[in-house]
Amino acid sequence: PEAERCCYAPPRLEAPGFAALDAGVYGEAFANMDALIFVGACGVAVRSIAPFVRDKKTDPAVLCLDERASFVIPLLSGHIGGANALAARLAGALGAAAVITTATDVNGKFAVDAWAAQNGCAIEDFALAKRFAAEILEHDLPLCSEFPVCPPLPGGVVAAAEGPFGVYIGCRTESPFGVTLRLIPRKLRVGLGCRRGTEQAAIEAAVRQVFRENRLALAAISGVSSIDLKQDEPGLLAACRANGWQARFYSAAQLRAVPGSFTGSRFVASVTGVDNVCERAALYGGGRLLVQKQALGGVTVAVLGNGLDVVYPEENALGQKFIVSLVLYADLRAAGEHDNLDASIDYGSVCHDVDGYLREHTFKLIEAAAEGVAQMLLRRYPLLLGVHVKLDKPWAPVGLPLASCGVEIERVR
């Protein structure tokens with residue numbers, strides 16, 4: 001969806017579509033917008049936002065663009081707020097130069113806070129993140145991940161599971177290094193059941209105990225799922241609001257349809273219409289249970305873990321290796337009967353088009369790459385009736401001797 005945007009101009013530059021710019025605009029925009037873009041001198045921008053600057057974890061991105069659109073300068077929240085990335089996008093669209101000054105970026109080093117923001121990870125300790133950003137400029141630091149990490153690694157980090165100071169990516173409370181900076185992906189879904197009238201404190205205590213006993217990080221919770229009988233349960237809703245957990249509710253019929261083997265209860269089935277609420281709710285939509293049903297003081301908890309595709313910004317620049325196989329469907333009768341090149345499809349051109357498309361576009365998922373190839377070919381070649389795309393990623397980094405992983409799709413007009 002198109003981003004919400006508000007445009008302001010001083011009275012002397014008033015124009016249709018622009019609201020009046022006065023002193024009250026800056027504070028309101030700083031508090032409510034994800035990004036502020038000033039057109040003019042950097043000094044004016046700095047003085048305008050200075051009273052409102054609070055914390056790099058919450059301040060919006062602030063950028064300055066000169067009036068001839070020659071330079072785009074991130075002034076605030078270059079990493080977590082995304083100002084550096086937005087500057088690069090604006091510069092590309094305007095033919096301008098992005099003036100990036102953050103040390104990790106200009107030295108080609110891993111920017112741990114930017115990566116965490118881009119990949120939806122919580123930074124457990126911002127003081128350690130600041131230390132990491134300083135030390136990586138002096139020497140390489142180790143990185144250990146619970147999930148597969150696609151090479152090449154970013155500048156300044158090496159794959160290792162020991163050392164005096166390093167970064168760990170995962171949902172568990174592991175400390176592989178002497179001092180460990182944890183980046184916690186929000187990839188755990190909690191299935192939850194409770195007695196009617198269970199208080200917020202009891203629900204939070206049950207979740208905390210299950211996570212503590214299983215060495216899981218609370219910051220990894222992406223949401224809480226339950227049966228729709230609980231969608232008006234005050235204690236559950238209050239716990240979700242207080243902790244920023246997104247709540248989802250499913251009907252008994254939806255939960256009964258979830259495949260798998262569950263810790264069933266006849267009593268629960270008699271009350272709710274389904275033999276197990278927490279495990280089925282956690283598993284709704286697929287995945288793998290990390291923690292089966294745990295009953296604690298009238299609250300039942302199960303935890304599901306989703307996979308994490310770890311994608312580094314450097315992968316988008318350096319690319320990944322793909323092997324593409326195509327089957328093209330077309331009516332070639334006229335080409336065969338008349339030996340007519342114009343009635344056929346030039347497979348050499350197809351190969352070059354696919355190669356160019358994959359070099360020019362970046363994807364986080366191979367599913368998206370395959371879909372893009374199929375749609376591009378159907379647009380460019382009118383004679384195509386359909387296309388079968390097989391896209392393989394060799395040497396997938398899953399920690400096992402797997403030759404490749406891939407997807408196959410077929411699309412028709």
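# A tour centred on strand β10

Start with the whole chain in cartoon view. It has 15 helices and 19 strands. Keep in mind that this is a predicted model.

Stay zoomed out. The C-alpha atoms fill a box of roughly 75 × 70 × 55 Å along the principal axes. Now switch on the surface. Its accessible area is about 22600 Å², and carbon and sulfur atoms account for 53% of that. Of the 413 residues, 39% count as buried.

Next, colour by charge. You will find 39 positive and 44 negative side chains. The centres of these two sets lie 7 Å apart.

Turn to contacts. Among those with a separation of 6 or more, 57% join residues 24 or more positions apart.

Now select residues 165-169. This is strand β10. Is this strand enclosed or open? Buried means under 20% relative accessible area. By that cut-off 5 of the 5 residues of β10 are buried, so the strand is largely enclosed by the rest of the structure.

Show the side chains of β10. One side carries F165, V167 and I169. The other carries G166 and Y168. Both faces are covered.

Add residues 141-145, which form strand β8. β8 pairs with β10 in the parallel sense, over 3 bridges. Click S145: its bridge partner in β10 is I169.

Then add residues 179-185, strand β11. Which sense does its pairing with β10 take, and over how many bridges? The pairing is parallel, over 5 bridges. Click F165 to finish. Opposite it, in β11, stands V179.

Leave the three strands selected for a last look: β10 pairs with β8 and also with β11.

Technical notes: Residues numbered from 1 in each chain as written. Predicted model: local features only at pLDDT ≥ 70, side-chain atom pairs only at ≥ 80, totals over all residues. Heavy atoms only, no water. Helix = DSSP H or I, 4+ residues; strand = E, 2+ residues; numbered from the N terminus. Buried < 20%, exposed > 50% of the residue type's maximum accessible area, 1.4 Å probe, protein only. Contact = heavy atoms within 4.5 Å. Areas by Shrake-Rupley, 256 points an atom, 1.4 Å probe, with all protein chains shown as cover. Lys, Arg positive; Asp, Glu negative; His and termini not counted. Charge placed at Lys NZ, Arg CZ, Asp CG, Glu CD. Pairing = 2+ DSSP bridges.
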